[in-house]
Amino acid sequence: MQVKIEHLTKRFGDFTAVEDFNMVFDDGKLVALLGPSGCGKSTILNMLSGILPSTSGKIYFDETDVTNVPPQDRGVGLVFQNYALYPHMSVLENIAFPLEIKKVPKEERNKKAEEMARLVHVDQYLHRKPKELSGGQQQRVAIARALIKQPRLLLLDEPLSNLDARLRLEMREEIRRIQLETGVTTVFVTHDQEEAMSISDKIVLMKNGVLQQEAGPQELYDNPANLFVANFLGNPPINNLNGYIKDGYFVLEDESGKIKINNPNVKEGQQVVMGIRAESVAIKDGDHDFEATVKQRYTMGKEELAFLNIGNQTIRVYLSSDYEFKEGETVFVKLRDKGVFLFDKETGVQI
Amino acid sequence: MSVKKLKRETHPDYIFNRKYEPLIYLVPFAIGLLIFTIYPIINVVIMSFKEGYRLSGNYTGWGIGNYQFVLTNKDFLSAIKNTFIYVLTVVPISTVFSIIIANLLNQKVKGMAIFQTAYFLPMVTSSIAVGISWRYMFNKQFGVINWLLGLFGVAPIDWLGATAGQAPWNIVVIIIFGIWNLMPFTIILLLSGLQNIDPLYYTAAKVDGASSTKIFTRITVPLLAPTIFLTMIVNMISAFKVYNEVIPFWSGKAGVLSNNLYTMVYWIKETFYSKLRLGNAAAASIVLFLIILCFTLLQRWIQKHFNY
């Protein structure tokens, strides 16, 4: 099912949680609503489920306007951050509960619940109570419960944040597998960029209730619309070098170096920020862009993370570990084409 | 000569203090407990086996005569019967009403604080004083209750009186009064139990389309079950000791006839203070204690097997 959101706004008193949000979620896709806490991503999810009424704007499920349709009539499956499994019911009863509400006969709903349990791999725990399950298993049960009534839209609120690091990795692949197997249109909320990058078809990045960029994970990483997007994605975070434009060159703010810019959109004298991904830097003699001093280096196994001082600014870069250099040494730095961006300093927009 | 410096943890004073200091703090409470709780309990047990025990301290011998007396005494047996009727009606009915009212009070509605205070009132008023005003409400000719029932065409009921040596309505008054008396405490306990239920469960059920009845029976009540059991045990214990509720209606007598509404505690009190049959009263107290104990154990067993 396709979900279309038009001019969706939510205000709590004077506080605007979501501002004029427009979006299309394509049928059968897994979309991540990404952003720091308080950015409005959960608010959007709750408005999609119908738990929270919108202040203005419209939500369409396919062609139907569901803006004022109550949650139970929207056909959405919801998975809560802490799962909200009923503690007094067994796994089977929990999964079957949405059908129990619909007055499906016991035999039929139990059969269906067992089917769902098999899909999410909890079929050997059917008669346990939720508290006898691990966090990951509880999560699986919660997903099965959300899927049993065959929702047109599956909504997951921070599905992995209650799990430890190892389970998180496992469960995010599981969520992807289940989503692909059922083909259900899925929206999930997360503040973890890696989680969003790894499993979603599309990422919707939010900040302070305003949409920043929507794109596929790779596109978002390779072509961030603004400085916020660039800074939010990537580990280690992207490096920001402050400077200005002069005679077609990017000049560092302390004038300790400059680099030729092939960007027709820059204006003379414009204050800019150069974003450089950690992997977009090479140490090279001869044809180089900057001179830098090695401040510190950390080995990370297959590669090395180095802090380089360029003038009075510091950047973090990945270097291959067979490259020998000492702390305090001066090295020559060459930037690659990919992973280097210019942003207007005032607006943050990519130039 | 070198002095070996002891670490704080291994210093003899420290070890002594850690072991015995807490006991010193416990002493005042322990003395109080011994004098006012443990001693009387033991004393009652001893007293119940002394025959012919008088206030003077004289007694004729040891034996189970007191038990034989109370368990064959017509008044005491009627007291047991009345007490059971009272407990088995008041506790379940007040619990059911309290669950419903606590659930209503748990809604987020404007002016709910007023209702919450109103339901709390019986707890902060004297049940004797309120009972006296109830006595007028239950008056056959002038009482507001018969007047209200009259509006629906019900003939006046002789709540507090007797006709031809029968007074079937007496116990009903006590039961209604008892329910009213128990409810505030029950409601408050249940309300706190309700507020401990994660509202997310309701949200989850609502998204799946559960009706409010379904949510109430399938989620609220099961999750509230531990609190319900707790209040039922506490209420049952206090209901077995029913006494205050009997006093206001018949000027200190138990019922309008010659004490047709004996309750166990009423009988014990009368035997002890009015008749000065100390051994009989002690034996009756032990019987009451054993009955309460049995019910409490039974409920604990049920709770253990039906808890989630």
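User: Where is the place of A:Glu255 in chain A?

Analyst: In this predicted model, A:Glu255 sits in the loop between β12 (249-252) and β13 (258-260) of chain A.

User: What makes the phi of A:Glu255 worth a remark?

Analyst: Most residues other than glycine have a negative phi. A:Glu255 is not a glycine, yet its phi is positive, about 60°.

User: Why is A:Glu255 called exposed?

Analyst: The term exposed applies over 50% relative accessible area. A:Glu255 has a relative accessible area of 55%, so the residue meets the definition of exposed.

User: How do you know that A:Asn208 is exposed, and where does A:Asn208 lie?

Analyst: The relative accessible area of A:Asn208 is 57%, and the cut-off is over 50%, so the term exposed applies. A:Asn208 is located in the loop between β9 (202-207) and β10 (210-215) of chain A. Its phi is positive as well, about 45°, although A:Asn208 is not a glycine.

User: What kind of peptide bond joins A:Asn235 and A:Pro236?

Analyst: The bond is cis, with omega at about 0°. Most peptide bonds are trans. A:Pro236 belongs to the loop between α8 (227-232) and β11 (239-246) of chain A.

User: Why is the link between A:Glu93 and B:Arg218 called a salt bridge?

Analyst: The rule asks for a side-chain nitrogen of Lys or Arg within 4 Å of a carboxyl oxygen of Asp or Glu. For A:Glu93 and B:Arg218 the closest N and O atoms are 3.2 Å apart. That distance satisfies the cut-off, so the pair counts as a salt bridge. Across the interface of chain A and chain B, 4 salt bridges are found.

User: Which elements give two or more residues to the side of chain A that touches chain B?

Analyst: They are β6 (76-79) and α2 (91-101) of chain A. The largest share, 5 residues, comes from α2(A). By class, this side of chain A has 13 nonpolar, 3 polar and 5 charged residues.

User: How many residues of each chain are in contact, and what area is buried between chain A and chain B?

Analyst: In contact are 21 residues of chain A and 17 residues of chain B. The buried area is about 1,800 Å², and carbon and sulfur atoms give 66% of it. Of the area that chain A buries against chain B, A:Tyr86, A:His88 and A:Ile101 supply 30%, more than any other three residues.

User: How many aromatic pairs does the structure hold over all chains, and why is the pair of B:Phe76 and B:Trp267 called tilted?

Analyst: There are 23 aromatic pairs over all chains. The ring centres of B:Phe76 and B:Trp267 are 4.8 Å apart, with 55° between the planes. Centres within 6.5 Å make a pair, and planes neither under 30 nor over 60 degrees apart count as tilted, so that name follows. B:Phe76 lies in helix α3 (residues 74-105) and B:Trp267 in helix α10 (residues 264-274) of chain B, so the pair ties together parts that are 191 residues apart in sequence. Both B:Phe76 and B:Trp267 are buried.

User: What makes the pair of B:Phe177 and B:Phe249 edge-to-face?

Analyst: The angle between the planes is 90°, with 5.4 Å centre to centre. Since edge-to-face means planes over 60 degrees apart, the label fits. B:Phe177 is in helix α7 (residues 170-195) of chain B and B:Phe249 in the loop between α9 (212-240) and α10 of chain B, so this pair connects parts that are 72 residues apart in sequence. B:Phe177 and B:Phe249 are both buried. They also belong to one aromatic cluster, whose members include B:Trp134, B:Trp159 and B:Trp180.

Notes:
Residues are numbered from 1 along each chain as its sequence is written. Chains are lettered from A and ligands numbered from 1 in the order in which they are written. This is a predicted model: local features need pLDDT of at least 70, side-chain atom pairs count only at pLDDT 80 or more; totals for chains, interfaces and linings use all residues. Side-chain values use heavy atoms; hydrogens and water are left out. Contact means heavy atoms within 4.5 Å. Buried area is the accessible area (1.4 Å probe) that two parts lose on being put together, summed over both. Helices (H or I, at least four residues) and strands (E, at least two) are DSSP runs, numbered from the N terminus. Ala, Val, Leu, Ile, Met, Phe, Trp, Tyr, Cys and Pro count as nonpolar, Asp, Glu, Lys and Arg as charged, and the others, Gly among them, as polar. Rings of Phe, Tyr and Trp (its six-membered ring) pair if their centres lie within 6.5 Å; planes under 30 degrees apart count as stacked, over 60 as edge-to-face and the rest as tilted. Buried means under 20% relative accessible area, exposed over 50%, partly exposed in between (1.4 Å probe, protein chains only).
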